[in-house]
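Trainee: Got a minute to go through this one with me? I'd like to get a feel for the fold before I set anything up.

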Amino acid sequence: MATIKITQTGSPIRRTKDQRATLIGLGLNKLHRTSELEDTPEVRGMIQKVRHMVQVEG
């Protein structure tokens with residue numbers, strides 16, 4: 001299956017708890033950290049929720 005590279009570009013400070021939890025669920029917790037995950041509808045939904053704080057490649 002295809003993979004997606006996700007890099008955190010925004011700070012979770014002053015964000016809602018569910019957005020912070022979504023970043024942790026994606027494997028991100030600090031700026032400029034990168035996580036490589038499978039391209040599934042669940043992961044796409046998580047990315048959509050925090051799209052203003054992440055950069056997606058591939």
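**Charges, fold and core**

Mentor: Sure. Start with the charges: there are 10 positive and 6 negative ones in the protein chain, and their mean positions sit 14 Å apart. Keep in mind that this is a predicted model.

Trainee: OK. What order do the elements of the chain run in, from the N terminus on?

Mentor: The order is β-α-β-α-β, so to speak a chain of two helices and three strands.

Trainee: And how does the radius of gyration compare with that of a compact globule?

Mentor: It agrees: a compact globule of 58 residues would be near 10 Å, and the protein chain has 10 Å. The C-alpha atoms fill a box of roughly 35 × 20 × 15 Å along the principal axes.

Trainee: What percentage of the residues count as buried?

Mentor: 29% of the 58. On the surface side, the chain exposes about 4,000 Å², and 50% of that comes from carbon and sulfur atoms.

Trainee: What about contacts along the sequence, how many join residues at least 24 apart?

Mentor: 72%, counting contacts between residues at least 6 apart in sequence.

Trainee: Switching to the inside. Which residues make up the largest nonpolar core?

Mentor: There are 10 of them: Ile4, Ile6, Leu23, Leu26, Leu28, Val43, Ile47, Val50, Met53 and Val54. Strand β1 and helix α2, residues 41–49, each supply at least two residues of this core.

Trainee: Take Val50 from that list. Where does it lie?

Mentor: Valine 50 is in the loop between α2 and β3, the latter being residues 54–57. Valine 50 counts as buried because its relative accessibility is 0%, under the 20% cut-off. Leaving out residues up to four places away in sequence, valine 50 touches Gln19, Thr22, Leu23 and Leu26.

Trainee: How far is valine 50 from glutamine 8?

Mentor: Their C-alpha atoms are separated by 9.5 Å, with their positions 42 residues apart along the chain.

Trainee: And Met53, what is that one in contact with?

Mentor: Beyond its neighbours within four places, methionine 53 contacts Thr7, Gln8, Thr9, Gly10, Ser11, Pro12, Arg15, Gln19 and Leu23.

Trainee: Thr7 shows up there. Buried or exposed?

Mentor: Threonine 7 is buried, because its relative accessible area of 12% is under 20%. Its place is in strand β1, residues 3–8. Setting aside neighbours within four places, the contacts of threonine 7 include His32, Arg33, Thr34 and Met53.

Trainee: What about histidine 52, where is that?

Mentor: Histidine 52 is in the loop between α2 and β3. Histidine 52 counts as partly exposed, because 42% relative accessibility falls between the 20% and 50% cut-offs. Not counting residues up to four places away, histidine 52 touches Arg15 and Gln19. From histidine 52 to glycine 10 the C-alpha distance is 7.2 Å, though they are 42 residues apart in sequence.

Trainee: Last topic, backbone angles. What is the phi of arginine 14?

Mentor: Positive, about 65°, although arginine 14 is not a glycine. Most residues other than glycine have a negative phi. Arginine 14 is in the loop between β1 and α1, which is residues 17–25, and counts as exposed at 81% relative accessibility.

Trainee: And histidine 32, what's its phi?

Mentor: Also positive, about 65°, and histidine 32 is not a glycine. Histidine 32 is in the loop between α1 and β2, residues 34–38, and counts as exposed at 62%.

Terms used: Residues are numbered from 1 along each chain as its sequence is written. This is a predicted model: local features need pLDDT of at least 70, side-chain atom pairs count only at pLDDT 80 or more; totals for chains, interfaces and linings use all residues. Side-chain values use heavy atoms; hydrogens and water are left out. Helices (H or I, at least four residues) and strands (E, at least two) are DSSP runs, numbered from the N terminus. The radius of gyration is taken over C-alpha atoms; the globule rule is 2.2 Å times the number of residues to the power 0.38. Buried means under 20% relative accessible area, exposed over 50%, partly exposed in between (1.4 Å probe, protein chains only). Contact means heavy atoms within 4.5 Å. Accessible areas come from the Shrake-Rupley method with a 1.4 Å probe; for residues, only the protein chains shown count as cover. Lys and Arg count as positive and Asp and Glu as negative; His and the chain ends are not counted. The place of a charge is taken as NZ of Lys, CZ of Arg, CG of Asp or CD of Glu. A nonpolar core is a set of buried Ala, Val, Leu, Ile, Met, Phe, Trp, Tyr and Cys residues joined through side-chain atoms within 4.5 Å.
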